[in-house]
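This report examines helix packing, buried positions, surface character and charge pairing in a single protein chain. The sequence and the structure come first, and the discussion follows.

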Amino acid sequence: ALSLLAAYRFWQRPGWVDAGLLGGAIALAALTRAEALLLFAVLVIPLLWGMRELTLGRRALLAIVSWAVGALLILPWFAYNLSRFEEPVFMTSQTGAVLSAANCDTTFYGDFIGYYANCYDEYVAAGRAEWPDVDGLDESQRDRYSSEAALAYIREHKSRLPVVAAARVARMFDLYNP
């Protein structure tokens, strides 16, 4: 919500301070949900594209200000994560869990297409992955197991991706619910 309010303010008066506020609001959103990083592209760029009264150079500088302020707010979290995990982690160490919950036979075929499941159990049962010895691993290392298994599954089932994506969108709008 703060990002949207900052975007409206920036649209009404596109200045350096408001560009920085927008970048800061997006950075704060990204610290709660890593996907919010996409707002630097899907919100800032279209906003600036629509500001035809500004020169291209000024729009580029406003984008740089927005991104720089956002980066300054996010960099301490990046540095902290890079210092505390064995595997490189920038925003979150749960990417593998998200990928794993959405990419297996249960979520690609049948009544649960486009939904989510405990796919890592399926990977292990099918011999695609093995249970890691979690006692000696940190979160980033455990996450690597589920990421690798999920990405391998996606590569093996690329032809199903359009069907699964359509089912996910249909589920989101309650158009598909077997």
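Which residues of helix α1 (residues 2-12) are buried? In this predicted model, the buried positions of α1 are Ser3, Ala6, Ala7 and Phe10. Viewed down the helix axis, these buried residues of α1 fall within an arc of 105°, so they line one face of the helix. Leu4, Leu5, Tyr8 and Gln12, on the other side of α1, are exposed. The cover over the buried residues of α1 includes α2, α3 (39-42), α4 (44-49) and α5.

**Buried positions in α2 and α5**

Ala19 belongs to helix α2. With a relative accessibility of 0%, Ala19 counts as buried because the cut-off for burial is under 20%. Apart from its neighbours within four places in sequence, Ala19 is in contact with Phe10, Leu62, Val65 and Ser66. Phe10 is itself one of the buried residues of α1. Ala19 and Cys119 are separated by 100 residues in sequence, and their C-alpha atoms lie 42 Å apart in space.

Helix α5 contains Asn81, which counts as buried at 1% relative accessibility. The side chain of Asn81 makes a polar contact of 3.0 Å with the side chain of Arg84. The Asn81 side chain also reaches the backbone oxygen of Phe90, at 2.8 Å. When neighbours within four places in sequence are set aside, the contacts of Asn81 are Val89, Phe90, Met91 and Thr92.

**Helix α6**

In helix α6 (residues 95-102), the buried residues are Gly96, Ser100 and Ala102. The elements against which these buried residues pack are α7 (105-108), α8 (119-125), α9 (139-156) and α10 (161-172).

**A nonpolar surface patch**

Leu2, Leu28, Leu31, Leu73, Trp77 and Tyr80 make a nonpolar patch of about 550 Å² on the surface. The elements that each give two or more residues to this patch are α2 (16-32) and α5 (56-84). Helix α5 supplies the largest share, with three residues. Tyr80, one of the patch residues, lies in α5 and is partly exposed, with a relative accessible area of 42%.

**Salt bridges**

Side chains of opposite charge can pair when their charged atoms come close. The structure holds four salt bridges, among them the three tabulated here.

| Salt bridge | N to O distance |
|---|---|
| Asp18 and Arg13 | 3.4 Å |
| Arg33 and Glu35 | 2.6 Å |
| Arg144 and Glu87 | 3.5 Å |

Is the Asp18 partner of Arg13 buried or exposed? Asp18 counts as buried, at 6% relative accessibility, whereas Arg13 is partly exposed at 45%. In the Arg33 and Glu35 pair, Arg33 is exposed, at 53% relative accessibility, while Glu35 is partly exposed, at 44%.

The salt bridge between Arg144 and Glu87 links distant parts of the chain: Arg144 is in helix α9, and Glu87 is in the loop between α5 and α6, 57 residues apart. Both partners are partly exposed, Arg144 at 32% relative accessibility and Glu87 at 25%. Separately, salt bridges with shared partners join Arg9, Arg13 and Asp18 into one network.

Technical notes: Residues are numbered from 1 along each chain as its sequence is written. This is a predicted model: local features need pLDDT of at least 70, side-chain atom pairs count only at pLDDT 80 or more; totals for chains, interfaces and linings use all residues. Side-chain values use heavy atoms; hydrogens and water are left out. Patches are made of residues with over 30% relative accessible area and no salt bridge: like charges are joined within 9 Å, nonpolar side chains (Val, Leu, Ile, Met, Phe, Trp, Tyr) within 5 Å. Accessible areas come from the Shrake-Rupley method with a 1.4 Å probe; for residues, only the protein chains shown count as cover. A salt bridge is a side-chain nitrogen of Lys or Arg within 4 Å of a carboxyl oxygen of Asp or Glu. Helices (H or I, at least four residues) and strands (E, at least two) are DSSP runs, numbered from the N terminus. Buried means under 20% relative accessible area, exposed over 50%, partly exposed in between (1.4 Å probe, protein chains only). The arc is that of the directions from the helix axis to the C-beta atoms. Contact means heavy atoms within 4.5 Å. A polar contact is a pair of N or O atoms within 3.5 Å; within protein, one must be able to donate a hydrogen and the other to accept it, and residues adjacent in sequence count only if both atoms are side-chain atoms.
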